[in-house]
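Trainee: I would like to learn how to read the pockets and cavities of a protein model. Can we go through one together?

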Amino acid sequence: MASVLPSKIAIITGSARGIGKAIASRLARDGFKVVLNDIPANQKLLDDAVKELKLSTKNSNIIGITADVSDRKQVESMVNQAIKDLNAPLGVMVANAGISLIKKIVDSTDEEIDLLFKVNFKGAINCYTAAAKVMIDQGEGGSIIGACSIAGHRGMDSLGVYCATKFALKGLTQSSALEWACHNIRVNTYCPGIVATDMWEKIDNDLNAMNNKPKGSAMESYSNTIPLGRNSRPQDMEGLVSFLASDNSAYITGQAINVDGGMVMN
Ligand SMILES: NC(=O)c1ccc[n+]([C@@H]2O[C@H](COP(=O)([O-])OP(=O)(O)OC[C@H]3O[C@@H](n4cnc5c(N)ncnc54)[C@H](O)[C@@H]3O)[C@@H](O)[C@H]2O)c1
């Protein structure tokens with residue numbers, strides 16, 4: 001029941017930088033036809049990433065499509081454009097795009113809460129459903145993968161609203177896995193811990209500003225709790241996502257798998 005052959009398309013959202021870019025690089029090396037995506041404001045960063053990955057992976061079937069994942073129409077048109085431009089079926093959707101918020105829950109404004117859910121939750125549901133509809137029509141199964149977090153397993157001080165979006169994503173993932181299993185569409189998430197990206201740099205800055213601590217302190221204190229003794233690089237996520245994208249994980253669905261150096265053990 002091979003369903004996700006590397007000659008198919010893999011779309012990775014929020015992939016002009018950070019974890020998404022590392023995943024896109026790996027799936028391109030695995031042989032997928034790859035779509036990098038980011039918000040229109042990051043067009044130049046996205047174009048540069050496409051150029052860089054074409055060279056480094058020696059895969060010429062890589063394109064960039066801007067779309068804001070929180071807009072359902074933009075996500076659907078990205079999927080349609082990907083299939084048209086790369087002339088292949090959709091095999092993998094990686095709903096990686098996300099944003100963070102460092103705020104005590106009582107201090108979080110309506111606007112901040114709405115924005116976080118719009119990007120992290122609605123963005124994911126838009127990507128999941130746009131991909132599932134196409135995969136159901138194709139009739140060849142597929143793999144849908146979301147970016148959850150250790151913050152999707154346990155509450156975290158000053159990251160409460162962010163945690164709530166990732167808990168919601170885990171619920172969505174389990175329910176989607178149940179609904180689409182009959183189409184051989186598997187739905188799973190990867191759950192990073194502390195990954196050195198622009199997102200964590202902002203988290204570090206905001207936490208340190210809140211607690212009157214010098215730059216790097218928050219990152220250091222979280223990193224000290226990691227059993228494997230270091231925080232992670234974006235590349236640490238790619239092995240699991242490559243596995244979840246492939247038929248090696250053909251019997252795995254509905255799971256939220258930690259890639260966190262042992263920070264959270266379920
Ligand atoms: N960095 C970490 O430690 C960490 C830990 C756990 C989970 N995660 C999750 O991993 C994912 C990637 O995180 P990262 O650290 O690489 O972040 P990042 O901020 O470095 O990169 C995220 C990318 O997503 C893009 N993006 C933001 N909103 C978007 C939208 N509406 N539409 C399309 N693209 C959008 C950004 O422009 C950016 O290029 C996120 O979902 C994040 O919540 C990260």
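Trainee: Which residues line the second largest pocket?

Mentor: Keep in mind that this model is predicted. The lining of the second largest pocket consists of K104, D157, S158, L207, N208, M210, N211, K213, S217, A218, S221 and Y222. The volume of this pocket is about 170 Å³.

Trainee: Which elements supply at least two residues each to that lining?

Mentor: Two helices do: α6 and α7, the latter covering 217–223. Sorted by class, the lining of the second largest pocket holds 4 nonpolar, 5 polar and 3 charged residues.

Trainee: Now the largest pocket. How much space lies in it?

Mentor: The largest pocket holds about 850 Å³ of space. Its lining has 42 residues, and N96, A97, G98, I99 and M199 are the closest to the centre. Two or more lining residues come from each of α1, β2, α4 (110–138), α5, β6 (185–192) and α6.

Trainee: Which element gives the largest share of the lining of the largest pocket?

Mentor: That is α6, with 5 residues. As for class, the lining of the largest pocket divides into 23 nonpolar, 12 polar and 7 charged residues.

Trainee: What takes up the space of the largest pocket?

Mentor: The ligand does; the space it takes is the largest pocket. The shell around the ligand is listed separately from the pocket lining. Elements that give two or more residues to this shell are α1 (18–29), β2 (33–38), α5 (160–180) and α6 (198–211). Here too α6 has the largest share, with 3 residues of the shell.

Trainee: How many residues are around the ligand, and which come nearest?

Mentor: There are 29 residues around the ligand, and the nearest are D38, N96, Y162, V195 and T197. By class, the shell has 15 nonpolar, 9 polar and 5 charged residues.

Trainee: How should I read a polar contact between protein and ligand? Which part of Y162 lies 2.6 Å from an oxygen atom of the ligand?

Mentor: A polar contact here is a pair of N or O atoms within 3.5 Å. Then ask whether the protein atom belongs to the backbone or to a side chain. For Y162, a polar side-chain atom lies 2.6 Å from a ligand oxygen. For N96, a polar backbone atom is 2.8 Å from an oxygen atom of the ligand. V195 also offers a polar backbone atom, 2.8 Å from an oxygen atom of the ligand.

Trainee: What percentage of the area that the ligand exposes when taken alone does the protein bury?

Mentor: Taken alone, the ligand exposes 830 Å², and 95% of that is buried by the protein.

Trainee: That leaves cavities. How does a cavity differ from a pocket, and how many cavities of 30 Å³ or more does the count give?

Mentor: A pocket is open, whereas a cavity is a space where a 1.4 Å probe fits but cannot get out. The count comes to 1 cavity of 30 Å³ or more. The space in the largest cavity is about 60 Å³. It is lined by 13 residues, and those nearest its centre are A95, A97, V119, N120 and A124.

Trainee: Which elements give two or more residues to the lining of the largest cavity?

Mentor: They are α4 and α5. The largest share, 5 residues, belongs to α4. Of the residues lining the largest cavity, 8 are nonpolar, 4 polar and 1 charged.

Notes: Residues are numbered from 1 along each chain as its sequence is written. This is a predicted model: local features need pLDDT of at least 70, side-chain atom pairs count only at pLDDT 80 or more; totals for chains, interfaces and linings use all residues. Side-chain values use heavy atoms; hydrogens and water are left out. A residue is near a molecule or strand if one of its heavy atoms lies within 4 Å of it. A polar contact is a pair of N or O atoms within 3.5 Å; within protein, one must be able to donate a hydrogen and the other to accept it, and residues adjacent in sequence count only if both atoms are side-chain atoms. Accessible areas come from the Shrake-Rupley method with a 1.4 Å probe; for residues, only the protein chains shown count as cover. On a 1 Å grid over the protein atoms alone, a cavity is a set of points where a 1.4 Å probe fits but cannot get out, and a pocket is an open set with protein on both sides within 12 Å along at least five of seven lines; lining residues have an atom within 4 Å of a point. A molecule sits in a cavity or pocket if more than half of its atoms lie within 2 Å of its grid points. Helices (H or I, at least four residues) and strands (E, at least two) are DSSP runs, numbered from the N terminus. Ala, Val, Leu, Ile, Met, Phe, Trp, Tyr, Cys and Pro count as nonpolar, Asp, Glu, Lys and Arg as charged, and the others, Gly among them, as polar. Grid points are joined across faces, edges and corners, and a volume is the space filled by probe spheres set on the points.
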